[in-house]
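Biologist: I'm new to reading protein models, so please pick one part of this one and take me through it slowly. Once I have that, show me how it fits with the rest.

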Amino acid sequence: GTDDVPGIKAQLAALQKELRAREEYLRTANDQLAATNEELTSTGEEMQSVNEELQSTNEELETSKEEMQSLNEELATVNAELQFKMTDLSQANADMNNLLSGTGIATLFVDRHLRILRYTPTVSAIVNLVSSDMGRPLSHFAPTLVGYDLMVKDAQAVLDTLIPKALEVKTAGGAWYAMRIHPYRTLDNVIEGAVLTF
């Protein structure tokens, strides 16, 4: 066997070289694996952070949803109350119209600037009005009254003094009316205009 020693040495050197190469490869693969592990750990942490943010956003959205639901319920309640009040107001308005029409008393409502707000149909026999006259000043209309042309002046005096005025007036057709002018007071006792009744 001494002849085989150089061959064995050569094989041994080749094996050592291959072993070193494999060790280098394993070291490189290990380094790459460690780097990949670090990247995966970093990505995992980022994913965890994103997940926590998403969870927090989800909780905020849930809270907002509950608040919106609560607001929606409140709005539904307010809407129901308003609907009820509108029904009451409509009924009161219908009752008032029927009351005024049923009494046969001609009634004319004017605001603080003596602009026509509302009137009962029977007013048309005394003052020539049509529905499009709403909002026009009382001074634009000539009452069909004999010997009395102070309606605007008297209405203004009632607004200025808050002292009602009452007198008898006669139409061109010969009908006599007891005319009364008094301040229009709101439920809060605020003067919003005047009411003329015949």
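**A close look at Thr120**

Modeller: Leaving aside residues up to four places away in sequence, Thr120 touches Leu100, Ile105, Ala106 and Thr107. Keep in mind that this is a predicted model. Thr120 itself sits in the loop between E2 and strand E3, which covers residues 145-146. Is Thr120 buried or exposed? Its relative accessible area is 5%, so it is buried, as the cut-off for buried is under 20%.

Now follow those contacts outward. Leu100 belongs to helix H1, which runs over residues 5-103. H1 has 99 residues, and from its first C-alpha to its last it reaches 141 Å, close to the 147 Å expected at 1.5 Å a residue. Here's a handy rule for looking at any such stretch: an α-helix has 3.6 residues a turn, so residues three or four places apart point the same way. Right after H1 comes Gly104, with a positive phi near 75°. Another contact of Thr120, Thr107, belongs to strand E1, residues 107-111.

Some of these contacts turn up again if you look at Thr197, which is in strand E6. Again not counting residues up to four places away in sequence, Thr197 touches Ile105, Ala106 and Thr107, along with Ala178, Met179, Arg180 and His182. So Ile105, Ala106 and Thr107 are touched by both Thr120 and Thr197. Thr197 has 16% relative accessibility, so it counts as buried too.

Next, the nonpolar core. The largest one has 25 residues, and within it Leu108 and Met151 touch the most other members. Which elements give it two or more residues? They are strand E1 (107-111), strand E2 (116-119), helix H2 (151-161), strand E5 (176-185) and strand E6 (191-197). H2 gives the largest share, four residues.

Aromatic rings add some more links, and the structure holds two aromatic pairs. In one of them, the rings of Phe109 and Tyr184 have centres 6.0 Å apart and planes at 85°, so they meet edge-to-face. Phe109 is in strand E1 and Tyr184 is in strand E5, 75 residues apart, so this pair links distant parts of the chain. With 13% relative accessibility, Phe109 counts as buried, while Tyr184 at 30% counts as partly exposed. Tyr177 and Phe198 make an aromatic pair as well, again edge-to-face, with 6.4 Å from centre to centre and 90° between the planes. Tyr177 lies in strand E5 and Phe198 in the segment after E6, so this pair ties together parts 21 residues apart in sequence. Tyr177 is partly exposed at 24% relative accessibility, and Phe198 is buried at 8%.

Now for a couple of backbone oddities. Most residues other than glycine have a negative phi. Leu114 isn't a glycine, yet its phi is positive, about 60°. You'll find Leu114 in the loop between E1 and E2, and it is buried, with a relative accessible area of 6%. Leu162 also has a positive phi without being glycine, near 65°. Leu162 lies in the loop between H2 and strand E4 (165-171), and its relative accessibility of 35% makes it partly exposed.

Finally, zoom out. The chain has two helices and six strands, and along the sequence they follow the pattern α-β-β-β-α-β-β-β. How far does the C-alpha trace span along its principal axes? It's about 160 × 30 × 30 Å. The radius of gyration is 49 Å, whereas a compact globule of 198 residues would have one near 16 Å. Just 19% of the 198 residues count as buried, and Thr120 is one of the buried ones. About 14800 Å² of the chain is exposed, with carbon and sulfur atoms supplying 55% of that. Among contacts between residues at least 6 apart in sequence, 36% join residues at least 24 apart.

How values were computed: Residues numbered from 1 in each chain as written. Predicted model: local features only at pLDDT ≥ 70, side-chain atom pairs only at ≥ 80, totals over all residues. Heavy atoms only, no water. Expected span 1.5 Å × (residues − 1). Core = buried A, V, L, I, M, F, W, Y, C linked by side-chain atoms within 4.5 Å. Buried < 20%, exposed > 50% of the residue type's maximum accessible area, 1.4 Å probe, protein only. Rg over C-alpha atoms; globule rule 2.2 N^0.38 Å. Contact = heavy atoms within 4.5 Å. Areas by Shrake-Rupley, 256 points an atom, 1.4 Å probe, with all protein chains shown as cover. Phe/Tyr/Trp six-rings, centres within 6.5 Å; stacked < 30°, edge-to-face > 60°.
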